[in-house]
Amino acid sequence: MRRKLAAGNWKMNGVTAALGELDALQEAASGPADVLICPPATLIATASAKAGDLAIGGQDCHTARSGAHTGDLSAEMLKDAGATYVILGHSERRADHGETDALVAEKSRAAWSAGLTSIICVGETLDEREGGKTLDIIGMQLAASVPDGCTAENTVVAYEPVWAIGTGKVPTTAQIAEVHAFIRSSLIQRFGNSVASAIPVLYGGSVKAANAAEIFAVDDVDGALVGGASLKASDFAPIVRALNAA
Ligand code: PEP
């Protein structure tokens, strides 16, 4: 049985007052699915101190353990603040900061060294989908962003079509199924069946309470990476409950 994970990515949203949302998630988080909140880095330590049944994660880390990198945070610092996961290669970081697959892989190795689980994001743009290149792009991103040494304990893969993030557009369940099956078979080819069949693969992109159950019913969808609908417990808790019930 693969573990299920509902992960909330708060992006650059939230100050201390937002941490009240964590209390309101506790009941939903006591079910079988793991529940993770990745708040802005400024809130990780405070969030960790009151996390209860929730896990807390970062949204990025540097490749180095320490040094002259003004404004950056190392994986070790995230871990020290109480994080257990870190999101890597989110399409917003790939677009806003020019992050390459090779950099994402290096960050993942740094995360593993610090004892964090990497959530490695892959996903095609609308042009790539319309050009029939989706599986080629996902295959290339997976091959170059997921380092050797990947296990079910140190890695979660998130399939996030760029055109579905924050847009309200969601792929059909057949499209999600096709990509998740492809990701699973690519992981099996590279890491072998016993490792790869246990690696959680999340779907991300405009997940909300109204579509969560349908998405979680798709084969090889082990949970969700959720942006907008993770900011309020009243939106995120029904998604967590749908995953608990899946
Ligand atoms: C995300 O940022 O990873 C995401 C999936 O955002 P949203 O749920 O808002 O589409």
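These are my notebook entries on the ligand and the pockets in this structure.

**Entry 1: the model.** I'm working with a predicted model, so I kept that in mind while reading off distances.

**Entry 2: around the ligand.** I looked up who surrounds the ligand and got 14 residues, with Lys11, Glu160, Gly166, Ser206 and Gly227 coming nearest. Sorted by class, that shell holds four nonpolar, eight polar and two charged residues.

**Entry 3: backbone contacts.** Next I checked the ligand's oxygen atoms. One lies 2.6 Å from a backbone N or O atom of Gly166. For Ser206, I found a polar backbone atom 2.8 Å from a ligand oxygen. Gly227 also has a polar backbone atom at 2.8 Å from an oxygen of the ligand. Then I asked how much of the ligand the protein buries. Taken alone the ligand exposes 300 Å², and the protein buries 95% of that.

**Entry 4: the ligand's pocket.** Which pocket does the ligand take up? I found it in the second largest one. That pocket has a volume of about 150 Å³. It is lined by 14 residues, and Gly166, Ser206, Val226, Gly227 and Gly228 are the closest to its centre. I noted the lining as five nonpolar, seven polar and two charged residues.

**Entry 5: the largest pocket.** I looked here last. The largest pocket holds about 500 Å³ of space. Of its 20 lining residues, Lys11, Gln59, Asp60, Arg93 and His97 sit closest to the centre. Helix H4, residues 91-96, gives the most to this lining, with three residues. By class I wrote down eight nonpolar, six polar and six charged.

Terms used
Residues are numbered from 1 along each chain as its sequence is written. This is a predicted model: local features need pLDDT of at least 70, side-chain atom pairs count only at pLDDT 80 or more; totals for chains, interfaces and linings use all residues. Side-chain values use heavy atoms; hydrogens and water are left out. A residue is near a molecule or strand if one of its heavy atoms lies within 4 Å of it. A polar contact is a pair of N or O atoms within 3.5 Å; within protein, one must be able to donate a hydrogen and the other to accept it, and residues adjacent in sequence count only if both atoms are side-chain atoms. Accessible areas come from the Shrake-Rupley method with a 1.4 Å probe; for residues, only the protein chains shown count as cover. On a 1 Å grid over the protein atoms alone, a cavity is a set of points where a 1.4 Å probe fits but cannot get out, and a pocket is an open set with protein on both sides within 12 Å along at least five of seven lines; lining residues have an atom within 4 Å of a point. A molecule sits in a cavity or pocket if more than half of its atoms lie within 2 Å of its grid points. Ala, Val, Leu, Ile, Met, Phe, Trp, Tyr, Cys and Pro count as nonpolar, Asp, Glu, Lys and Arg as charged, and the others, Gly among them, as polar. Grid points are joined across faces, edges and corners, and a volume is the space filled by probe spheres set on the points. Helices (H or I, at least four residues) and strands (E, at least two) are DSSP runs, numbered from the N terminus.
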